[in-house]
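Hello,

Here is the structure I promised to pass on to you. Please have a look at it first, and then read my notes below.

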Amino acid sequence: MKKVVFILLVALVFNACSSSSDDGSDLPAGGKDDFKRGDLLVNVADNIIIPAYEDLSSKLDDFEVEKNKFVATPSEANLVTLREKWLSAYKVWQSVELFNIGKAEEINYGFQMNIYPTTVEDIESNVASGTYDLTHPNNNDAVGFPALDYLLNGVADTDAEIVAKYTNTTSGAGYKTYLSDLVNQMNTLTDTVLNDWKNGFRDTFVASTENTATSSFNKLANDFVFYFEKGLRANKVGIPAGVFSTDPLPTKVEAFYNNDVSKELLVEALSSVKDFFNGNAYNATTSGLGFSDYLDYLNNITKGEDLKTIINTGIDTANATTLNLNASLSKQVETDNVKMTEAYDTLQKVVVLIKVDMLQAFSVSVDYTDADGD
């Protein structure tokens, strides 16, 4: 009898060991997980991340050209054109922000590009003093797209008055210099990250296919979830809607001073995360391996839930709810905040799907602290 029990125990131990991958992660019941993570990483790097950074770099170059024209000749016409270039670059940023990996993480790129709301007092103090270190963490809320939003839309009430700020004989030079310094910094930072991708990091990234806390795939999965949960759901919708505070906070929307593009930026962000999830190439009609394909593969092994379809449906539902919002999310908060909280709820459902169900399917652990209890 003891011999039979021993044989059974050995069989159980052997079965448990055979259901794990070489790196110790759990395998799906019914088969070995030999999904080609390397091919997924190649698609993400070559067809999504690098092209998006290249486009952002190009858009910032265009913005810099128009900035130079405006600084040389401040006029309402040049201001309007400069705003158009700002928005064009800001929309591309929505496809870049989630990739906080490699050099971007090392230099805190995102913190220097899109911390909002911007702090007007810090901007005005920097302009007045003419002495500042834009890379210092204390200036994270006084640089990037939000600071440009203030300088192009918020320093005065009308276009004529804004132009007057830049032509003022006393303070105009300070505003021109600060505007130039901001654009130059954003260009330099973006080129630094892009050059790193194209000169070594891309190869390191695609080669890191193992299932460890520091591997490319695991960090990429966590970046995707973190961005959707914090950068998109919380920052763009939840915080302005007052989900995390006693009262709504309409001034905390993205691009507050422009005040009619915050929904447009949100829609761009949702589109970019869906394209990334499905492995769709940036600004192209082609597609390769993405997280959705990995989930599809795992579903074929486990015969479990079709998470690929469920997540895509969730994103589509969130997008449909978002499209019903006012072009100005701050106005939406002030006039009918229920629609904002409804949009937040649809986004939250996606968070649960990707943070719990998707990461569990991938055998990837969350690598960041959940501060808001979700």
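**Notes on the structure**

Leaving out residues up to four places away in sequence, S180 is in contact with K67 and V71. Before I go on, please keep in mind that this is a predicted model.

S180 sits in helix α8, which covers residues 172-207. Is S180 buried or exposed? Its relative accessibility is 14%, and because buried means under 20%, S180 counts as buried. One of its two partners, V71, lies 109 residues away from S180 along the sequence, yet their C-alpha atoms are 7.9 Å apart in space.

You can follow another residue, L266, in a similar way. L266 belongs to helix α10, residues 262-277. With a relative accessible area of 0%, L266 is buried. If you set aside its neighbours within four places in sequence, L266 touches L232, K236, V237, T322, L325 and L329. L266 can also be paired with K91: the two are 175 residues apart along the chain, and 9.2 Å separates their C-alpha atoms.

Next comes the nonpolar core. In soluble globular proteins, nonpolar side chains tend to be buried together. Here the largest nonpolar core holds 104 residues. Which residues have the most contacts inside it? They are F291 and M358. Apart from residues up to four places away in sequence, F291 touches L40, F217, L220, A221, F224, F276, F277, M358 and F362. So if you centre your view on F291, M358 will turn up among its contacts.

Now to the helix α9, residues 216-241. Of the 26 residues in α9, 22 are buried, so the helix is largely enclosed by the rest of the structure. At A234, α9 bends by about 60°. Just after the helix, G242 has a positive phi of about 85°.

The helix α9 also leads us to the empty spaces. Rolling a probe the size of a water molecule over the atoms shows where empty space is left. The largest pocket has a volume of about 700 Å³. It is lined by 29 residues, and those closest to its centre are E97, N100, F111, F226 and K230. Two elements give two or more residues to this lining, α4 (103-106) and α9 (216-241). Which of the elements gives the most? That is α9, with nine residues. By class, the pocket lining has 16 nonpolar, six polar and seven charged residues.

What about enclosed cavities? A search of the whole structure finds one cavity of 30 Å³ or more. The volume of the largest cavity is about 60 Å³. Its lining is made up of Y116, P117, T118, P146, D149, T251, V253, A255, F256 and Y257. Seven of these lining residues are nonpolar, two are polar and one is charged.

If you would like a place to start, try the largest pocket, with F226 and K230 among the residues closest to its centre.

Best wishes

Methods: Residues numbered from 1 in each chain as written. Predicted model: local features only at pLDDT ≥ 70, side-chain atom pairs only at ≥ 80, totals over all residues. Heavy atoms only, no water. 1 Å grid on protein atoms, 1.4 Å probe; cavity = no way out; pocket = protein on both sides within 12 Å on 5 of 7 lines; lining within 4 Å. Points joined across faces, edges and corners; volume = space filled by probe spheres on them. Nonpolar A, V, L, I, M, F, W, Y, C, P; charged D, E, K, R; others polar. Core = buried A, V, L, I, M, F, W, Y, C linked by side-chain atoms within 4.5 Å. Buried < 20%, exposed > 50% of the residue type's maximum accessible area, 1.4 Å probe, protein only. Contact = heavy atoms within 4.5 Å. Helix = DSSP H or I, 4+ residues; strand = E, 2+ residues; numbered from the N terminus. Bend = angle between axes of the 7 residues up to and from the residue.
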